[in-house]
Amino acid sequence: MTDCRACDLAAGRAPLPGGLIHETAAWRVEHCLGPLGNGAMVVTPKRHVVHLAELDNDETAELGPLLALASQVVSRLVHVEQVYTCLWSYAPDGPVHVHFVVQPVTADLLSEYAASGPRLQAAMFDRNERPSPADIAQVADQARLHFRELTGRDSGRR
């Protein structure tokens, strides 16, 4: 696959701050590289999938439990009011590798932006403040520990 950021990150063709946090047979968990705050994670199928309807039975079976697990980890990283979990699969040029964003939302964040839900995320994209690679690496290390505690196995790597 060419011109796919998710595939390039997974194959090591693009830098991945914080490295791989967790993986299953069909999915990868990485820190979000966008402006959705430190501690936001991305859950991406290992296989290049553009539409949710393209997921196979194994990918589908792993998805719900993995999203719940990622939400638990995010809740351990940050004192949250809510954890947003949303599907992203579109860019200005059209559909892209499907991925789920698991975003910690704190009371401070809601107050700072005076918005919630999609309006909060849009405001964060408009401001475009991204965590530093050092901050991402630190939270990714913490997230790997939480995944290990919750699953009893080490599945991420730097």
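Q: Two strands pair if DSSP finds at least two bridges between them. In this predicted model, what makes strand β3 (residues 41–45) and strand β5 (residues 94–105) a pair?

A: Happily, the count settles it: DSSP has to find at least two bridges, and β3 and β5 have 3 bridges in the antiparallel sense. Within β5, Phe100 is the residue opposite Val43.

Q: How do you know that strand β2 (residues 27–31) and β3 pair?

A: The reasoning runs alike: at least two bridges are needed, and β2 and β3 are joined in the antiparallel sense over 5 bridges, so they pair. Arg28 has Thr44 of β3 as its bridge partner.

Q: What makes β3 mostly covered?

A: Buried means under 20% relative accessible area, and 5 of the 5 residues of β3 are buried. Met41, Val43 and Pro45 point one way, Val42 and Thr44 the other way, and all are buried.

Q: Why is the pair of Trp88 and Phe125 called tilted?

A: A search of the whole structure finds 2 aromatic pairs. In the one formed by Trp88 and Phe125, the ring centres are 5.4 Å apart, which is within the 6.5 Å limit. Their planes stand at 35 degrees; stacked needs under 30 and edge-to-face over 60, so the pair counts as tilted. Trp88 sits in strand β4 (residues 82–91) and Phe125 in helix α4 (residues 117–127), 37 residues apart, so the pair links distant parts of the chain.

Q: Why are Trp88 and Phe125 called partly exposed?

A: Partly exposed lies between under 20% and over 50%. Trp88 has a relative accessible area of 25% and Phe125 one of 35%, so both fit that description.

Definitions and conventions
Residues are numbered from 1 along each chain as its sequence is written. This is a predicted model: local features need pLDDT of at least 70, side-chain atom pairs count only at pLDDT 80 or more; totals for chains, interfaces and linings use all residues. Side-chain values use heavy atoms; hydrogens and water are left out. Buried means under 20% relative accessible area, exposed over 50%, partly exposed in between (1.4 Å probe, protein chains only). Helices (H or I, at least four residues) and strands (E, at least two) are DSSP runs, numbered from the N terminus. Rings of Phe, Tyr and Trp (its six-membered ring) pair if their centres lie within 6.5 Å; planes under 30 degrees apart count as stacked, over 60 as edge-to-face and the rest as tilted.
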